[in-house]
Amino acid sequence: MRECFEIRATDAGGRLGELTVPRANTTVETPALLPVINPHLDTVEPGRLDEDFGAEILITNAYIIHNSQDVRERALEDGLHDLLDFDGAVMTDSGSFQLSEYGDISVTTEEILEFQRAIGSDIGTPVDIPTPPDVSHERAETELETTQERLEAAEAVDTGEMLVNAPVQGSTYPDLRERAGRHADGTDLDVFPVGAVVPLMNDYRYDDMVDVVAAAKRGLGADAPVHLFGAGHPMMFALAAAIGCDLFDSAAYALYARDDRYLTVRGTRHLDDLTHLPCPCPICTSHDPDSLAALDDDARETALAEHNLHVSFAEIRRIKDAIRAGRLLELVEQRARSHPTMLDGYRALLDHAEQLERTDPISKGTFFYTSHESARRPEVLRHHRRLERLSVPDAVFLTEGDASNEDRYDASWRVLPPFGPFPRALSRTYPLAAEVPDRRDRAALEAAAVGIARLVDANPGSEFTLGHRHWPASVLESVPENVRCLDLTTDHSPR
């Protein structure tokens with residue numbers, strides 16, 4: 001087990017955890033947001049991030065500091081925390097972003113890690129190769145091998161109490177991301193950023209982002225703290241948390257403010273397009289769009305950046321509460337309705353339901369069926385798998401309606417779409433005490449039919465009758481042929 005990270009609660013792939021950062025003498029509660037600080041710009045002063053916004057950790061760029069003589073000298077003399085006037089934990093990047101943008105940098109992994117330790121960084125980063133999406137598999141594999149060599153070089157550097165990142169690369173190839181995760185997990189490094197996903201998020205490819213993280217998670221151990229490099233927009237934090245990300249860094253709050261853009265959890269608005277400020281943060285309760293627009297450029301940029309931070313940190317708190325309450329997937333579904341590509345991301349997340357089911361709690365808050373996507377959640381998959389554990393009598397009536405009093409049946413089990421069949425004694429247990437709409441959709445009925453088929457297949461010696469409420473013929477085709485079917489809305493005649 002990694003001593004620096006402890007998981008306190010889970011929901012789907014999301015985790016509430018504690019990241020112990022020994023050099024900062026602090027413990028960061030995760031999921032956590034790391035505001036990105038440019039050492040040359042103070043859009044929002046780092047010293048305010050803790051008290052005004054609740055930031056426990058931030059990230060800045062050690063390569064920029066290294067290449068700026070005056071800032072470098074101050075950092076070496078006074079230390080990074082005094083330079084930034086921030087008492088929490090400080091993570092530093094290595095220059096890999098500059099490498100991806102400009103093709104070359106002037107430091108090695110060993111040099112930049114030694115520099116990060118010298119300036120007082122709490123979590124340092126080696127120089128990895130951030131391979132962009134959609135390159136050839138050959139290029140991605142070659143660059144991954146270079147990254148892995150640099151992680152091994154990082155292990156040999158004396159970093160003292162400074163934690164060290166082990167970036168997970170591999171472009172958009174799941175096999176390479178999983179391999180990279182397994183290699184990184186085998187090192188003695190501490191935190192595991194999934195890198196080079198910013199281009200995916202810039203292009204709204206949230207489904208590909210989910211697949212990339214899911215593959216990396218398959219390689220990483222359960223105790224590995226995962227950082228989504230460049231996560232940015234609060235709209236997608238819940239989705240990323242649900243697939244298993246624990247740390248998010250964001251420069252979006254400042255970059256968007258520079259362009260007069262106003263963040264919400266449903267997307268981004270331009271200040272000129274707003275007639276009201278739909279947010280309870282201090283900026284929005286003390287301004288209207290006109291008074292905000294009337295500020296001079298620097299004041300307006302700062303005000304918008306503060307609003308953007310308030311929205312971002314509020315979403316992180318909302319995610320923590322949802323994980324604790326067992327409602328994370330409901331929150332993800334709400335966010336998925338904000339943009340079609342977010343819905344693609346949610347559907348991609350449910351493609352990994354089997355992976356999510358391994359960490360999803362067996363019991364939690366009430367299951368809410370809110371759309372046909374709910375039929376693919378891990379809880380439904382788990383119920384179907386566990387049907388084979390149940391003791392089944394010789395003749396069973398499976399019904400959406402009331403229990404049968406006919407002597408021909410040994411038991412009358414409930415059928416609840418999307419879960420399917422279960423003994424009535426389990427009706428008050430999770431997730432079978434679910435809140436579901438009276439108007440069933442096709443996805444819920446199809447999932448229930450899958451559950452019936454699994455129960456029948458596991459019990460070939462038993463006889464089953466299904467009492468349904470006008471299920472479509474296409475759904476009934478999924479029910480095994482040896483199940484007698486009665487439509488409870490008509491004359492109860494057998495199929």
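Leaving aside neighbours within four places in sequence, Q355 is in contact (heavy atoms within 4.5 Å) with A214, K217 and R218. The model is predicted, with local features requiring pLDDT of at least 70 and side-chain atom pairs counted only at pLDDT 80 or more, while totals for chains, interfaces and linings use all residues. Residues are numbered from 1 along each chain as its sequence is written, and side-chain values use heavy atoms, with hydrogens and water left out.

Q355 lies in helix α18, which spans residues 353–357; helices here are DSSP runs of H or I with at least four residues, strands are runs of E with at least two, and both are numbered from the N terminus. With a relative accessible area of 16%, Q355 is buried, a term for under 20% relative accessible area, as opposed to exposed at over 50% and partly exposed in between (1.4 Å probe, protein chains only). The side chain of Q355 is also joined to that of R218 by a polar contact of 3.1 Å, that is, a pair of N or O atoms within 3.5 Å in which, within protein, one must be able to donate a hydrogen and the other to accept it, residues adjacent in sequence counting only if both atoms are side-chain atoms.

Strand β6, residues 89–93, has five of its five residues buried. In a regular strand the side chains alternate between the two faces of the sheet. In β6, A89, M91 and D93 are buried on one side, and V90 and T92 on the other. Strand β5 (residues 57–61) pairs with β6 in the parallel sense over five bridges, where pairing requires at least two DSSP bridges, and I59 stands opposite M91.
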